[in-house]
Amino acid sequence: MVVGGRRAGLSISQSAQLLGFSRTTISRVYKEWCEKGKTSSMRQSCGQKCLVDARGQRMGRLIQADRRATLTEITTRYNRGLGLGFVNPQQPQPLISTTNRKKRLQFARAHQNWTVEDWKNVAWSDESRFLLRHSDGRVRIWRKQNENMDPSCLVTTVQAGGGGVMVWGMFSWHTLGPLVPIGHRLHATAYLSIVSDHVHPFMTTMYPSSDGYFQQDNAPCHKARIISNGFLEHDNEFTVLKWPPQSPDLNLIEHLWDVVERELRALDVHPTNLHQLQDAILSIWANISKECFQHLVESMPRRIKAVLKAKGGQTQY
């Protein structure tokens, strides 16, 4: 792995960061390989087959296949071939106000006796935005000193400054619902169209006995008068959950957005324009496994208990 990374153009510091070894170790291993052809610290008499060359070649191929990949992305792709994976570290959460803690606690108490069967009647929804480029706007590549004009090392200009794609989606325990591109901003009129064209057909199809619940958060466009009136006209078809503020830990679709984001980052060929990005998002969404979103629904009783235990405060979810 050390040899493969160094031969692919990584510096000693980059190799150390990628592989988790000290710079001294990287330097020593590569020097021994250059001078003695040594690829293992084990005695040859042990008879164990050396795998460093094969792993190093794989590392080199991964880097050359995508010069713009970050250290994290290269490591993820390498470990995927070994059956390993990464999870995101716990991120700091915004402080929940006293008022919203009470509302979260009230919601948890009202639903503490709900079973998984009850939560199967809920359809979850939300919007999310996915960016074409990284937040700092810079693109970095891996290259050797003599590869500065290699076509694979040249960065093409992204038209319109990059930008991103916003989508609205919904799902229930039974199936994934539609994923709808919504442009740059979702306003009440556009959301009303989504409710009419997608929410009502989904709810009446999935819950023909009118025992379904529709979940939405407290975004301004969700709480607009025309939206509330629209739901009232169809209150005999399904119920809109009274959702507590500051509760992404209870909105299961947040985890599906994470799935989409991780899959976008792990693509071997990254989208270079908004059309490609939108196609990639729609494709990833359509291929989310049933086990994935059903497991999320099955976690709801545990999430409610966590909110109760935290007295309406933050939870591990």
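**Exercise 1. Which loop does Ser210 lie in? Then work out how exposed Ser210 is.**

Keep in mind that you're looking at a predicted model.

Step 1: Find the place. Ser210 sits in the loop between α8 and β4.

Step 2: Look at the backbone. Ser210 isn't a glycine, yet its phi is positive, about 65°.

Step 3: Sort out the exposure. Partly exposed covers what lies between the 20% and 50% cut-offs. Ser210 has a relative accessible area of 35%, so it counts as partly exposed.

**Exercise 2. Describe the residue Lys311 in the same way.**

Step 1: Lys311 is in the segment after α13.

Step 2: Its phi is positive too, about 55°, although Lys311 is not a glycine.

Step 3: Exposed means over 50% relative accessible area. Lys311 is at 58%, so it counts as exposed.

**Exercise 3. Put the strands of the sheet in order and find its edges.**

Step 1: Start with the inventory. The protein has 13 helices and 5 strands.

Step 2: Line the strands up. The open sheet has 5 strands in the order β3-β2-β1-β4-β5, with mixed pairing.

Step 3: Spot the edges. β3 and β5 (239-240) each have a single partner strand, so one side of each has no neighbour in the sheet.

Step 4: Check the directions. Strands of a sheet pair through backbone hydrogen bonds, either parallel or antiparallel. Here β2 and β3 run antiparallel and are joined by 4 bridges, while β4 and β5 run parallel with 2 bridges.

Step 5: Zoom in on the pairs. Gly169 stands opposite Leu179 in β3, and Phe214 stands opposite Val240 in β5.

Step 6: See how β2 and β3 connect. They form a hairpin, with 3 residues between them.

**Exercise 4. Follow helix α8 from end to end and say what its buried residues pack against.**

Step 1: Take its length. α8 (residues 188-206) has 19 residues and reaches 25 Å from its first C-alpha to its last, close to the expected 27 Å.

Step 2: Look for a bend. There's one of about 40° at Val195.

Step 3: List what's hidden. Ala188, Tyr191, Ile194, Val195, Val199, His200, Phe202 and Met203 are the buried residues of α8. So the residue at the bend, Val195, is itself one of the buried ones, because buried means under 20% relative accessible area and Val195 is on that list.

Step 4: Find the partners. The buried residues of α8 pack against β1, β2, β3, β4 (213-214) and α9 (225-232).

**Exercise 5. Explore the largest nonpolar core, starting from its best-connected members.**

Step 1: Pick out those members. This core has 36 residues, and Trp119, Trp124, Phe171, Leu256, Ile281 and Trp285 touch the most other members.

Step 2: See where the core comes from. Elements giving two or more residues include β1 (122-131), β2 (164-172), α10 (253-265) and α11 (274-286). α10 gives the largest share, 6 residues.

Step 3: Take Trp124 as an example. Beyond four places in sequence, its contacts include Trp119, Phe171, Trp243, Leu252 and Val297.

Step 4: Don't miss the other core. Apart from the largest one lies a core of 22 residues, among them Ala188, Tyr191, Phe202 and Met203. Those four also appear among the buried residues of α8.

**Exercise 6. Is Thr315 buried or exposed, and what does its side chain hold on to by a polar contact?**

Step 1: Place it. Thr315 is in the segment after α13.

Step 2: Use the cut-off. Buried means under 20%. Thr315 has a relative accessible area of 14%, so it is buried.

Step 3: List its contacts. Leaving aside neighbours within four places, Thr315 touches Arg104, Asp249, Ala306 and Val307.

Step 4: Find the polar one. The side chain of Thr315 makes a polar contact with the side chain of Asp249, at 2.9 Å.

**Exercise 7. Describe helix α2 through its residue Ser15.**

Step 1: Ser15 lies in α2, and its relative accessible area is 0%, so it is buried.

Step 2: Ser15, Ala16, Leu18 and Leu19 are buried in α2 (residues 12-19).

Step 3: Beyond four places in sequence, Ser15 is in contact with Gly5, Arg6, Leu10, Gly20 and Ile26. One of these, Gly20, follows α2 and has a positive phi near 85°.

Definitions and conventions: Residues are numbered from 1 along each chain as its sequence is written. This is a predicted model: local features need pLDDT of at least 70, side-chain atom pairs count only at pLDDT 80 or more; totals for chains, interfaces and linings use all residues. Side-chain values use heavy atoms; hydrogens and water are left out. A nonpolar core is a set of buried Ala, Val, Leu, Ile, Met, Phe, Trp, Tyr and Cys residues joined through side-chain atoms within 4.5 Å. Buried means under 20% relative accessible area, exposed over 50%, partly exposed in between (1.4 Å probe, protein chains only). Contact means heavy atoms within 4.5 Å. The expected span of a helix is 1.5 Å times one less than its number of residues. The bend at a residue is the angle between axes fitted to the seven residues ending there and the seven starting there. Two strands pair if DSSP finds at least two bridges between them. A polar contact is a pair of N or O atoms within 3.5 Å; within protein, one must be able to donate a hydrogen and the other to accept it, and residues adjacent in sequence count only if both atoms are side-chain atoms.
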